[in-house]
Amino acid sequence: MKFRRSMVEYALKHGVTKTAIKYNTYRQYVYRWLRRYDGSLESLRNKSRRPKHHSKAHTAAELKLILDMRRRNPEAGLVVFWVKLRQRGYSRSITGLYRTLKRIGMTPVKQVLTKILLFLSVN
């Protein structure tokens, strides 16, 4: 950040082209930091480029539909559950549903496995 501050201050006095030559960088790089600089060292800190949301994420209404349907159909397999959701307006793929169920922790596979393990432990 100190390097960037010295570069920006030099650019304010001598211009962008001279700064790019002196600091062995591109003019666009100098312009980028000039735009961000507000007089504080903190403004020259690297910012996160992580996305704040995913454009194709399930909506709140879709998640509520999945949760409500899973509560009513806890024993249904993935395909049967997906078909029932499709009848109520769910438009995502079966793979997307599986990933969402897995993320929420409501995969039907876990329920089947626990029943098998309980059955084996009793016998």
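Which residues does I66 touch, not counting residues up to four places away in sequence? In this predicted model, the answer is a set of seven names: H58, F81, L85, Y90, L97, T100 and L101. The paragraphs below begin with the protein as a whole, return to I66 and its surroundings, and then turn to charged groups and to one residue in a loop.

The protein contains 7 helices and 0 strands. Read from the N terminus, its elements follow the order α-α-α-α-α-α-α. Of the 123 residues in the protein, 24% are buried. The accessible surface amounts to about 9,500 Å², and carbon and sulfur atoms account for 57% of that area. Contacts also tell how the chain is arranged. When contacts between residues at least 6 apart in sequence are considered, 41% of them join residues at least 24 apart.

I66 offers an example of a contact across a long stretch of sequence. The residue belongs to helix α4, and I66 is classed as buried because its relative accessible area is 0%, where the buried class covers values under 20%. L97, one of the residues that I66 touches, stands 31 residues away from I66 in sequence, while the C-alpha atoms of I66 and L97 are 8.5 Å apart in space.

A second buried position is found earlier in the chain. T19 lies in helix α2, which spans residues 16-22. Is T19 buried or exposed? T19 counts as buried, because its relative accessibility is 0%. Leaving aside residues up to four places away in sequence, T19 is in contact with M7, Y10, A11 and V30.

The discussion now moves to charged side chains. Side chains of opposite charge can pair when their charged atoms come close. A search of the whole structure yields 4 salt bridges. One of them joins the side chains of R92 and E62, with a distance of 3.0 Å from N to O. This pair connects distant parts of the chain, since R92 sits in the loop between α5 (78-87) and α6 (94-104), E62 sits in helix α4 (residues 60-72), and the two are 30 residues apart. The partners fall into separate classes of accessibility: R92 is partly exposed because its relative accessible area is 22%, whereas E62 counts as buried because its relative accessibility is 15%.

Helix α4 also holds salt bridges between its own residues. How far apart are the closest N and O atoms of K64 and D68 in their salt bridge? The separation is 2.9 Å. Because K64 and D68 are 4 residues apart in helix α4, about one helical turn separates them. K64 is exposed, with a relative accessible area of 51%, and D68 counts as buried at 18% relative accessibility. Both values lie close to cut-offs, which are over 50% for exposed and under 20% for buried.

D68 has a further partner in R71, and in this salt bridge the closest N and O atoms are 3.2 Å apart. R71 and D68 are both located in helix α4, 3 residues apart, which is about one turn of the helix. R71 is exposed, with a relative accessible area of 61%. Through shared partners, the salt bridges join K64, D68 and R71 into one network.

Charge also appears on the surface in another form. R32, R35, R36, K47 and R49 together form a positive surface patch. One member of this patch, R32, is placed in helix α3, residues 27-36. R32 counts as partly exposed because its relative accessibility is 34%.

The last stop is a loop residue. N24 is found in the loop between α2 and α3, and N24 is exposed because its relative accessible area is 73%. What is notable about the backbone here is the sign of an angle. Most residues other than glycine have a negative phi, and most peptide bonds are trans. The phi of N24, however, is near 55°, a positive value in a residue other than glycine.

How values were computed
Residues numbered from 1 in each chain as written. Predicted model: local features only at pLDDT ≥ 70, side-chain atom pairs only at ≥ 80, totals over all residues. Heavy atoms only, no water. Patch = residues over 30% accessible without salt bridge, like charges linked within 9 Å, V, L, I, M, F, W, Y side chains within 5 Å. Areas by Shrake-Rupley, 256 points an atom, 1.4 Å probe, with all protein chains shown as cover. Lys, Arg positive; Asp, Glu negative; His and termini not counted. Charge placed at Lys NZ, Arg CZ, Asp CG, Glu CD. Buried < 20%, exposed > 50% of the residue type's maximum accessible area, 1.4 Å probe, protein only. Contact = heavy atoms within 4.5 Å.
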